[in-house]
Amino acid sequence: MYTSKPSSSQTDLNSLDHKLLQNFQKEFPLSARPFLDIAQQLNVEESTVIERYQQLSEQGIISRIGPVFNPHKVGASTLAAMAIDEKKLEQTANFISKLNEVNHNYQREHEYNLWFVVTAETEEKLQQVFIEIESFTGLQVMQLPMIKSFHIDLGFAL
């Protein structure tokens, strides 16, 4: 699970929200009914878990729930960066965040101020995503394929 942006106020999160975000980033159940498994662990109803995740998504606190695979083990992936005019940065970031193939994106203080990771089933599909982004923005995407891998802990402590 990835957070798309830090919550503006962690006091907005109730105890259940905090557990849903903190406890299942790395240990999300792999089963036919993972939300039921989570509900049983937290002693709540399955529908409550689903509703809370939906609300956290609508609030922009999480952007997706899904697996993260080691690069080049399944499919294709690459880091990418773009130099976006500040006036168009939020619109562009929102567009990119909505693409299923984008794991996360973030702003940096640099000429290339929007960075994101794209994953796809094939290299051809990966390139289609870049074409879609470039068509929407009218700007070129700088692709930065991985040369050497490093383990990065993608958990976010609340």
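Begin by selecting helix H3 together with its surroundings: what covers the buried residues of H3 includes helix H1 (15–23) and helix H2. Bear in mind throughout the tour that this is a predicted model.

Keep H3 selected and look along its length, where its 13 residues reach 19 Å from the first C-alpha to the last, close to the 18 Å expected at 1.5 Å a residue. Now show the side chains of Glu46, Val49, Arg52, Tyr53 and Leu56, which are the buried residues to pick out in H3. Because these residues cover an arc of only 130° around the axis, they lie on the same side of H3. An α-helix has 3.6 residues a turn, so residues three or four places apart point the same way.

Next, visit the two flanks of H3. Just after the helix, select Gly60, which takes a positive phi of about 80°. On the other side, go to Asn43, placed in the loop between helix H2 (34–42) and helix H3 (46–58). Asn43 has a phi near 60°, a positive value in a residue other than glycine. Is Asn43 buried or exposed? With a relative accessibility of 71%, Asn43 counts as exposed, because exposed means over 50%.

Turn now to the sheet, and colour its strands separately. The sheet is open and has 4 strands in the order S2-S3-S1-S4, with antiparallel pairing. Its edge strands are S2 and strand S4 (142–144), each of which pairs on one side only. From one strand to the next, the twist averages 25°.

Select strand S3 (residues 114–120), which is mostly covered, with 6 of its 7 residues buried. Strand S1 (residues 76–82) runs antiparallel to S3 and is joined to it by 7 bridges, while strand S2 (residues 102–107) pairs with S3 in the antiparallel sense over 5 bridges. To follow the connection between S2 and S3, trace the hairpin that joins them through 6 residues.

Which residue of S3 is the bridge partner of Tyr106? It is Trp115, and Trp115 is likewise the bridge partner of Ala81, so that labelling Tyr106, Trp115 and Ala81 together shows both pairings. A further pair to label is Leu79 with its bridge partner in S3, Val117. Strands of a sheet pair through backbone hydrogen bonds, either parallel or antiparallel.

Finish by adding helix H4 (residues 86–97) to the view of the sheet: H4 lies across S1, S2 and S3, and runs at about 165° to S2.

Note on methods. Residues numbered from 1 in each chain as written. Predicted model: local features only at pLDDT ≥ 70, side-chain atom pairs only at ≥ 80, totals over all residues. Heavy atoms only, no water. Buried < 20%, exposed > 50% of the residue type's maximum accessible area, 1.4 Å probe, protein only. Helix = DSSP H or I, 4+ residues; strand = E, 2+ residues; numbered from the N terminus. Pairing = 2+ DSSP bridges. Axes fitted to C-alpha atoms, helices over the stretch in contact; angles between N-to-C directions. Contact = heavy atoms within 4.5 Å. Expected span 1.5 Å × (residues − 1). Arc of directions from axis to C-beta.
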